[in-house]
Amino acid sequence: LYDVFPTANLLTQKNIEVFLTSLAINGKRSASSITLITDSCRNFYRYLKKVKEVQADLTNPFVVPEDYRISSKPNSRAKFKSEPWQPFDPEDIVYLYGCAIDLNDIQLSNSILIASYTGMRIEEISSLKCENVNLNKFVFKIIASKTAAGIRTIPIHSKIKTLVNKLLLISSDGYVISGLSISKY
């Protein structure tokens, strides 16, 4: 951005649109790359406003050009459509579980098994603490989730009760899936 626009006064709506379109065409960037670049530049422009390099009342010129917008709405006229998330087919889950077993990835295979019988998100399984498992009532308590609706109590299926008991007994860090590194992955 700085190489093309060395001064803030050059950051106009028209200049930015030409810049982003040029990145897409000449730089052979995908619509999703253009969106990511635009988002980063938009944040930088907010910073410029904060440090008073740009007038606070100016509109942020970083908008994804019309030809590179991505939409998941079925009636959208956007050229690029994102497909809604599709659940795995049951045979795919069995295949993934088998691959995790073949790789001897116990944490992954246990996570897949718990997800299969509960519908929990991977983040929910990874952050599930032993204290949020009630073996008397055979339930998991999700106390933090991506959405408010995600905070809930989930019954522990009879097929994974033994696994859950074992995981609670061997936990070395207070988590049901013990030993995971702390990262978004």
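Is phenylalanine 138 buried, partly exposed or exposed? In this predicted model, phenylalanine 138 has a relative accessible area of 33% and is therefore partly exposed, since that class lies between the 20% limit for buried residues and the 50% limit for exposed ones. Phenylalanine 138 is found in the loop that runs between strand E3 (133–134) and E4. Its phi is near 55°, a positive value in a residue other than glycine. The ring of phenylalanine 138 also takes part in an interaction with a charge: the charged end of lysine 161 sits over this ring, 3.8 Å from its centre.

A positive phi in a residue other than glycine is also found at asparagine 104, where the angle is near 60°. Asparagine 104 belongs to the loop between H3 and H4. With a relative accessibility of 59%, asparagine 104 counts as exposed, because the value is over 50%.

Helix H4 comprises 13 residues, 106–118. At 1.5 Å a residue, a helix of this number of residues should span 18 Å, and the end C-alpha atoms of H4 are 18 Å apart, so the expected span and the model agree. The helix is followed by glycine 119, whose phi is positive, near 80°. The buried residues of H4 are Ser109, Asn110, Ser111, Ile112, Ile114 and Thr118. These buried residues pack against three helices and two strands, namely helix H3 (90–102), helix H5 (122–126), helix H6 (161–170), strand E4 (139–142) and strand E5 (152–155).

Isoleucine 114, one of the buried residues of H4, was examined further. Leaving aside neighbours within four places in sequence, isoleucine 114 is in contact with Gly119, Met120, Ile125, Phe140, Ile160, Leu163, Leu167, Val176 and Ile177. Isoleucine 114 is also part of the largest nonpolar core, which has 17 residues. The residues with the most contacts inside this core are Ile114, Met120, Leu128, Val133, Phe140, Val164 and Val176. The elements that give two or more residues to the core are E4 and H6, and H6 gives the most, with 4 residues. Apart from this core lies another, of 15 residues, among them Ile16, Leu20, Leu23 and Ala24.

Aromatic contacts were considered next. A pair of aromatic rings is described by the distance of the centres and the angle of the planes. The structure holds 3 aromatic pairs. One of them is formed by phenylalanine 5 and phenylalanine 19, with 5.4 Å from centre to centre and 75° between the planes, an edge-to-face arrangement. This pair links distant parts of the chain, 14 residues apart: phenylalanine 5 lies in the segment before helix H1 (13–26), and phenylalanine 19 lies in helix H1. Phenylalanine 5 has a relative accessible area of 9% and is thus buried; phenylalanine 19, at 11%, is likewise buried.

Another pair joins tyrosine 45 and phenylalanine 62, whose ring centres are 6.1 Å apart. The planes of these rings meet at 65°, so the pair is edge-to-face, the class for angles over 60 degrees. Here too the pair links distant parts of the chain, with tyrosine 45 in helix H2 (residues 31–50) and phenylalanine 62 in the loop between H2 and strand E1 (70–71), 17 residues apart. Tyrosine 45 counts as buried at 2% relative accessibility, and phenylalanine 62 is buried with a relative accessible area of 1%.

How values were computed. Residues are numbered from 1 along each chain as its sequence is written. This is a predicted model: local features need pLDDT of at least 70, side-chain atom pairs count only at pLDDT 80 or more; totals for chains, interfaces and linings use all residues. Side-chain values use heavy atoms; hydrogens and water are left out. The expected span of a helix is 1.5 Å times one less than its number of residues. Buried means under 20% relative accessible area, exposed over 50%, partly exposed in between (1.4 Å probe, protein chains only). Contact means heavy atoms within 4.5 Å. Rings of Phe, Tyr and Trp (its six-membered ring) pair if their centres lie within 6.5 Å; planes under 30 degrees apart count as stacked, over 60 as edge-to-face and the rest as tilted. A charge sits over a ring if NZ of Lys or CZ of Arg is within 6 Å of the ring centre and within 35 degrees of the ring normal. A nonpolar core is a set of buried Ala, Val, Leu, Ile, Met, Phe, Trp, Tyr and Cys residues joined through side-chain atoms within 4.5 Å.
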